[in-house]
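Grab a coffee and open the viewer. Below are some short exercises, each with a worked solution.

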Amino acid sequence: MDHRALALIAGRGCLVVDEEIRDLLAREHQSGAAHDATVAAPCVNRRPGKPADRAGSLRSFLDAADRVHLYLADLGLTEEFQALLHHLLAVETWATEPDDLVLHRCLHAAYAITETHARALLAALDPTAHHDGFEEAGYEKGDANTAVLDSAAGPVLGHHHYLSPLVATCADSRVGLRAAFLSYADAIMTYMPDWESLPREQGMAAAITTAFGTSVAKARRTSLAMADPQWRWLRRNAIGTITLRWFARIDEVARSTGNGSLLHTGILCALPDPLRRLTLLCLGYGQFGLWPLPRDLTAADYGRYVCAALGEMVRGWASDHDAEAALGEHSPLNWLCTACATRATRTSLLRDNATAARSTSEMRIAWAPQTFNFIGARHQGLRRRTDNLRKRTPAPDIPLTRATTPACIPVTSADPLETITAKLLALAGLAPRSELVRQLRFDHWDVHPRICPTCDFPRSRDHLFMLSVGSARLAALLPHHLVEKWLPLMEKYAYRLLPALQVRLLLPCDCVPYWVADVMSAGYEEAGTHCGLSPCRATRDPMPRTVTWDHPAEDETYDGVPLRRQLLGQAVAEAREYAARTGSADWLDIVTRPISAL
């Protein structure tokens with residue numbers, strides 16, 4: 001089959017899902033799906049055109065496939081792309097595969113076409129006519145390689161916040177604990193070709209694949225031998241990794257000419273509305289890359305799933321679109337005009353989105369706790385929110401801290417806000433004065449995180465407040481030289497500094513994405529949003545000095561004991577208390593082992 005025939009098949013499958021989404025949004029126009037799909041609505045700066053019928057949508061999709069064909073011919077990649085589409089669609093398997101995988105294949109083929117089309121449009125731009133963000137981000141993207149390796153070697157309970165909290169929440173409640181955690185290990189391995197294509201990541205893929213490989217290979221053998229439905233996500237991952245390999249290949253060939261550093265070019269906003277919509281839906285689904293569901297999905301399921309994945313991806317794009325451009329890497333937020341990027345950021349991050357009606361399965365995808373976006377070294381989310389707050393936070397009349405000997409006494413679930421504040425500041429050799437906690441305005445916090453009675457603990461509100469808005473408020477009150485001492489520690493160790501919450505992130509409980517959404521959206525809303533979480537050169541020129549990340553090693557020690565070991569010890573104590581109280585011995589056994597040993 002030629003490229004148009006393959007595109008026609010992919011487009012028809014994609015339109016089946018799009019029609020489900022249209023029906024869903026017509027029925028539930030205030031739902032979470034409606035909020036998450038806002039980015040796919042017509043461009044803010046264009047009058048909506050007449051709604052296209054199926055034939056019109058397919059024509060615009062085929063036009064995009066033609067443009068891709070010409071672009072790849074210039075790169076010498078036409079045959080490789082044809083082979084990719086043949087492999088993705090695998091029409092010869094349709095007689096034996098469920099509709100679930102057929103739709104998954106079509107969505108991935110459509111994703112391959114639409115993102116390649118976007119890259120073709122981007123490469124054709126005159127870079128001098130657009131804002132170029134190369135090497136000029138407000139915040140440097142942190143190195144997470146060591147954290148990923150640690151997540152394989154160390155116990156699930158104590159390793160870096162970058163990984164494990166995402167796992168259990170993405171997993172359906174019917175997925176067993178071992179399968180839930182291994183699903184992430186398998187998904188991480190699907191990303192390795194893409195990581196290896198990036199200059200800053202080279203050499204890491206083999207080490208990470210080796211670390212996770214044994215346990216994932218064992219899981220694959222188990223799934224084949226038992227035909228156990230809880231492992232069905234492995235089939236989706238096996239298909240998804242092919243697409244990621246393709247984009248790694250494009251980067252290898254065309255990185256220097258791809259214009260990945262251009263900001264808010266509006267290339268998607270210039271497309272016909274139906275193609276703009278399909279492109280964004282496919283981008284959200286294809287880039288999300290996690291499908292740990294233990295059942296076959298119907299077309300209606302895919303409609304809800306695609307919207308939820310798109311919402312989660314916009315939150316990710318908004319967290320670092322400037323840092324991606326600085327590295328010459330692609331962020332779909334930079335393919336929108338500034339007005340649409342601003343709308344997408346606002347509608348995805350704020351409280352109305354978090355509290356909109358969703359089923360639990362949708363919530364698990366839409367508000368999976370992407371902890372590395374909200375607080376962590378990877379994207380400096382806490383620093384970004386602090387800087388946003390600092391612009392409108394009056395400087396205190398008197399110093400709110402005093403110097404003391406640096407010390408580590410891990411936060412416990414019984415600690416009130418005053419104690420939490422003192423213990424966190426002590427890590428940087430600071431002690432709060434009496435006025436500091438009052439200025440955090442805890443008593444006026446009007447958010448009520450939806451944590452269930454089983455997961456709740458007596459001082460949970462104090463802990464959730466500090467995570468949500470308290471830490472950013474505190475940092476905004478500190479003078480700059482003290483922020484530089486304290487905030488890097490918060491970003492590096494992140495959720496592990498609040499062990500009772502870190503433990504609850506690892507629970508396969510339906511309440512997790514709800515309280516996570518409440519905590520994160522409240523933090524984002526208070527900090528404010530721009531064309532992303534932070535402004536970029538397209539909306540702020542000149543840019544301030546880049547906040548670099550030069551603290552990758554977790555080598556802090558207190559009284560000769562590594563901080564990470566002390567935090568792990570407290571996390572184990574919190575986990576044991578929870579397991580004893582709830583009869584969760586099986587869960588405790590899983591989270592105290594490394595993923596590589598599951």
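The exercises below go through a core, a helix, two pockets and two single residues. Keep in mind that this is a predicted model.

**Exercise 1. Find which residues touch the most other members of the largest nonpolar core, and which helix gives the most to it.**

Step 1: Start with the membership, which comes to 186 residues. Within that set, F81, F212, L268, L336, W486, W515 and W587 touch the most other members.

Step 2: Now look for the main contributor. Helix α5, running over residues 99–123, gives the most, with 14 residues.

Step 3: Zoom in on W587. Skipping residues up to four places away in sequence, W587 touches L177, V503, L506, L507, P508, A575, Y578 and A579.

Step 4: Don't miss the other core that lies apart from this one; that core has 5 residues, including L263, C531, C536 and A538.

As background, nonpolar side chains in soluble globular proteins tend to be buried together.

**Exercise 2. Check how the span of helix α3 compares with the expected one, then work out what covers its buried residues.**

Step 1: Helix α3 covers residues 54–75, which is 22 residues. From its first C-alpha to its last it reaches 32 Å, close to the 32 Å expected at 1.5 Å a residue.

Step 2: Pick out the buried positions in α3: G56, S57, L58, S60, F61, L62, A64, A65, V68, Y71 and L72.

Step 3: Ask what sits over them. The cover includes α1 (3–27), α4 (78–89), α5, α11 (233–254) and α12 (273–288).

Step 4: Step just past the end of α3, and you'll meet G76 with a positive phi of about 75°.

**Exercise 3. Describe the largest pocket and the second largest pocket: what volume does each have, and what lines it?**

Step 1: The largest pocket has a volume of about 420 Å³. Its lining has 20 residues, and Y139, R383, D387, R545 and V547 are the ones nearest its centre.

Step 2: Sort that lining by class and you get 6 nonpolar, 6 polar and 8 charged residues.

Step 3: For helices, α18 (381–390) and α22 (480–493) each supply at least two lining residues. Of the elements involved, α18 gives the most, with 4 residues.

Step 4: The second largest pocket holds about 270 Å³ of space. Here 14 residues form the lining, with R22, P42, P51, D273 and R277 nearest the centre.

Step 5: This time α12 gives the most to the lining, with 4 residues. By class, the second lining splits into 7 nonpolar, 2 polar and 5 charged.

**Exercise 4. Decide whether I242 is buried or exposed, and list what it is in contact with.**

Step 1: Place it: I242 lies in helix α11.

Step 2: The cut-off for buried is under 20% relative accessible area. I242 comes in at 18% relative accessibility, so I242 counts as buried.

Step 3: Leaving aside neighbours within four places in sequence, I242 is in contact with L84, H87 and L88.

Step 4: One more distance to try: the C-alpha atoms of I242 and A112 are separated by 9.7 Å, with the two residues 130 residues apart along the chain.

**Exercise 5. Do the same for H3: is it buried or exposed, and which residues does it touch?**

Step 1: H3 is found in helix α1.

Step 2: Its relative accessibility is 15%, so H3 counts as buried.

Step 3: Not counting residues up to four places away in sequence, H3 touches A65, D66, H69 and Q82.

Definitions and conventions: Residues are numbered from 1 along each chain as its sequence is written. This is a predicted model: local features need pLDDT of at least 70, side-chain atom pairs count only at pLDDT 80 or more; totals for chains, interfaces and linings use all residues. Side-chain values use heavy atoms; hydrogens and water are left out. A nonpolar core is a set of buried Ala, Val, Leu, Ile, Met, Phe, Trp, Tyr and Cys residues joined through side-chain atoms within 4.5 Å. Buried means under 20% relative accessible area, exposed over 50%, partly exposed in between (1.4 Å probe, protein chains only). Contact means heavy atoms within 4.5 Å. The expected span of a helix is 1.5 Å times one less than its number of residues. On a 1 Å grid over the protein atoms alone, a cavity is a set of points where a 1.4 Å probe fits but cannot get out, and a pocket is an open set with protein on both sides within 12 Å along at least five of seven lines; lining residues have an atom within 4 Å of a point. Grid points are joined across faces, edges and corners, and a volume is the space filled by probe spheres set on the points. Ala, Val, Leu, Ile, Met, Phe, Trp, Tyr, Cys and Pro count as nonpolar, Asp, Glu, Lys and Arg as charged, and the others, Gly among them, as polar.
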